[in-house]
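Grab a coffee and have a look at the protein below. Then try the exercises before you peek at the solutions.

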Amino acid sequence: MTIAAKDIDSGDLPGNLQGGDYSPYHVFSAEEWSRFRADTPLTLTADEVQRLRSLNDPVDLGEVRRIYLSLSRLLSAHVEASQILFQQRKRFLSMSDETKTPFVIGIAGSVAVGKSTTARILAELLARWPSSPKVDLITTDGFLYPNAILQRENMMDRKGFPESYDIGALLRFLSAIKAGQPNVKAPTYSHLTYDVIPDRFQTIDRPDILIFEGINVLQSRNLPADGKIVPMVSDFFDFSIYIDAEESLIHSWYVSRFMRLRETAFKSPQSFFHRYATISEDAARAIAEGLWHNINLKNLHQNILPTRPRADLILQKGPNHLTETVALRKL
Ligand SMILES: Nc1ncnc2c1ncn2[C@@H]1O[C@H](COP(=O)(O)OP(=O)(O)OP(=O)(O)O)[C@@H](O)[C@H]1O
Ligand SMILES: CC(C)(CO)[C@@H](O)C(=O)NCCC(=O)O
């Protein structure tokens, strides 16, 4: 089946993505995109999707059918091609070792745009391919410096900014994964306590596919003055996805999630935000607005949005979190 690819609407893109015929992306409406699923079977049930979605994210089986089945089919082609290439290279080099290199998918986007829901749905769909690949999912939250360090360095209002992550640990983790090492440990994070969990690690043992999700996964590092080449996180990716939406929508999703968390998670005395469960609704809303504007929106403008042109695929969501367009990088 062929679908005419339209060039991306240059008004939607930063300068370096504009350029009429030279746009690096094909852009499809959700309906056009959904036809690429061909005969990919729907392997998730409505209940399972309900379980996988985040608070405030109304994704449903219709969205899985419209958007995720085509994506799963596309990724399947990429994984298969990379496995064939990997085998051929080993044969070419007369290597007989059994080390396997996981296929790594990066998922980027703003705080509260819905990355974790997308990552969980994709992980489940990919694990249900007929080949039953082993799929693992990691978020970069665990690589944040603990609050004790952020507080000491006066960086609590920089949480999520590049300097708040232990980027060295993150790159060492990915490099061990790509080298096919067994039992690679990743630190974990609790949104409840708003901190890295001491001594609790997620162990990743030679998956076929690793989904790596976080606001910073497409960011580069500043080149050091000594001219040494430093790797960037996305050097380890085989495919990357950026989840996008209008700023006003993400803002409203962030604030409404915060207000709902007040009714749920913040009620726990363990919650870092426990104090906001008891203040007035207006005062809580003002706190959420402050966190959004002073931290997350600044970070979106300065560090997250500029990485969008690096993505292989951009999912553009509209109101209700439904995907409206899909932009796929031309090869
Ligand atoms: N303060 C909090 N207390 C408890 N849970 C939270 C808190 N903030 C976020 N969460 C939950 O943690 C998960 C990840 O939140 P995070 O802010 O990392 O979301 P995200 O990955 O940026 O957003 P999304 O997954 O919506 O893109 C979400 O399911 C969210 O509902
Ligand atoms: C942990 C991050 C950075 C990313 O998931 C984010 O959820 C966060 O905590 N941002 C800091 C500001 C805030 O509390 O929303």
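Here are three short exercises on this predicted model, each with a worked solution.

**Exercise 1.** Work out how many helices and strands the protein has, and how its radius of gyration sits against the globule rule.

*Solution.* Start with the secondary structure: you should get 8 helices and 10 strands. Next, the radius of gyration is 20 Å, and the globule rule gives 20 Å for 331 residues, so the protein is as compact as a globular protein of that length. For the outline, the C-alpha trace spans about 65 × 45 × 45 Å along its principal axes.

**Exercise 2.** Find what share of the residues is buried, and what share of the contacts between residues at least 6 apart joins residues at least 24 apart.

*Solution.* Take burial to mean 20 or more other C-beta atoms within 10 Å of a residue's own. By that count, 37% of the 331 residues are buried. Now go to the contacts between residues at least 6 apart in sequence: 72% of them join residues at least 24 apart.

**Exercise 3.** Put strand β10 in its surroundings: is it mostly covered or mostly open, and which strands pair with it?

*Solution.* First locate β10 at residues 323-329; it's mostly covered, with 5 of its 7 residues buried. Then look for partners. Strand β2 (residues 25-29) pairs with β10 in the antiparallel sense over 5 bridges, and here phenylalanine 28 has valine 326 as its bridge partner. Strand β9 (residues 313-317) also pairs antiparallel with β10, over 5 bridges; lysine 317 is bridged to threonine 323. Finally, check the β9–β10 hairpin: 5 residues lie between the strands, and asparagine 320 takes a positive phi near 65°.

Notes:
Residues numbered from 1 in each chain as written. Chains lettered and ligands numbered in written order. Predicted model: local features only at pLDDT ≥ 70, side-chain atom pairs only at ≥ 80, totals over all residues. Helix = DSSP H or I, 4+ residues; strand = E, 2+ residues; numbered from the N terminus. Rg over C-alpha atoms; globule rule 2.2 N^0.38 Å. Buried ≥ 20, exposed ≤ 12 C-beta atoms within 10 Å, placed from the backbone. Contact = placed C-beta atoms within 7 Å. Pairing = 2+ DSSP bridges.
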